[in-house]
Amino acid sequence: MRFWVCYIVNGKLALHFVGEVVYLKNRVEELRKERGVRQEQLALALEVSRQTISSLEKGRYNPSIILAFKISRYFGLPIENIFIYEEE
């Protein structure tokens, strides 16, 4: 039986599967560009730095659960439509 635990590591949302830390894929850049929003605008709306948005879009950063909810509300989509876990 497989199970996972969700926790925060250095401010990042991480999933732990049997000793493995997994970083989620996300659609933030795609959704932002579809709506014609600059990184700076999104960062201001979410109360984070532009560097946070850049790192998030490049897959180097997983958001806290609070930030994930803010992003979800901003785009008007469920979290699972923005952040994707793909099991290998």
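## A starting point in helix 2

Glu40 lies in helix 2, where a helix is a DSSP run of H or I with at least four residues, a strand is a DSSP run of E with at least two, and both are numbered from the N terminus. This is a predicted model, in which local features need pLDDT of at least 70, side-chain atom pairs count only at pLDDT 80 or more, and totals for chains, interfaces and linings use all residues. Residues are numbered from 1 along each chain as its sequence is written, and side-chain values use heavy atoms, with hydrogens and water left out.

With a relative accessible area of 40%, Glu40 is partly exposed; buried means under 20% relative accessible area, exposed means over 50%, and partly exposed is in between, for a 1.4 Å probe and protein chains only. Glu40 and Gln51 are 11 residues apart in sequence, and their C-alpha atoms are 9.0 Å apart in space.

## The chain as a whole

The chain has 4 helices and 5 strands, and from the N terminus on these elements follow the order β-β-β-β-α-α-α-α-β. Of the 88 residues in the chain, 35% are buried. Among the contacts (heavy atoms within 4.5 Å) with a separation of 6 or more, 50% join residues that are 24 or more positions apart.

## The buried side of helix 2

Which residues of helix 2 are buried? In this helix, which covers residues 39-46, they are Gln39, Leu42, Ala43 and Leu46. These residues lie on the same side of helix 2 because they cover an arc of only 100° around the axis, the arc being that of the directions from the helix axis to the C-beta atoms. The buried residues of helix 2 pack against helix 1 (28-34), helix 3 (50-57) and helix 4 (65-75). After helix 2 comes Glu47, which has a positive phi near 60°.

## Helix 2 against helix 4

Helix 2 and helix 4 pack at an angle of about 115°, with their axes 10 Å apart; the axes are lines fitted to C-alpha atoms, for helices over the stretch in contact, and angles run from 0 to 180 degrees between N-to-C directions. Helix 2 passes helix 4 in a right-handed crossing, a term used when the near helix is turned clockwise from the far one by less than a right angle, while an anticlockwise turn is called left-handed.

From helix 2, Leu42, Ala45 and Leu46 take part in this contact, and from helix 4 they meet Leu67, Lys70, Ile71, Tyr74 and Phe75. The residues of the contact divide into 7 nonpolar, no polar and 1 charged, where Ala, Val, Leu, Ile, Met, Phe, Trp, Tyr, Cys and Pro count as nonpolar, Asp, Glu, Lys and Arg as charged, and the others, Gly among them, as polar.

## Helix 3 and its surroundings

Helix 3 is largely enclosed by the rest of the structure, because 6 of its 8 residues are buried. The buried residues of helix 3 are Thr52, Ile53, Ser54, Ser55, Leu56 and Glu57, and what covers them includes strand 4 (25-26), helix 1, helix 2, helix 4 and strand 5 (83-84). Just after helix 3, Gly59 has a positive phi of about 80°.

## A buried serine in helix 4

Is Ser72, a residue of helix 4, buried or exposed? Ser72 is buried, with a relative accessible area of 10%. When residues up to four places away in sequence are not counted, Ser72 touches Leu77, Pro78, Ile79 and Ile82.

## Salt bridges

Side chains of opposite charge can pair when their charged atoms come close. A salt bridge is counted when a side-chain nitrogen of Lys or Arg is within 4 Å of a carboxyl oxygen of Asp or Glu, and by this rule the count comes to 6.

One of the salt bridges joins the side chains of Arg27 and Glu30, at 3.0 Å from N to O; Arg27 is partly exposed at 24% relative accessibility, and Glu30 is partly exposed at 39%. Another salt bridge is formed by Arg35 with Glu34, whose closest N and O atoms are 3.7 Å apart. Here Arg35 is partly exposed, with a relative accessible area of 40%, whereas Glu34 counts as exposed at 56%. Glu40, the residue at the start of this report, meets Arg38 in a salt bridge of 3.6 Å, N to O, and Arg38 is partly exposed with a relative accessible area of 49%.
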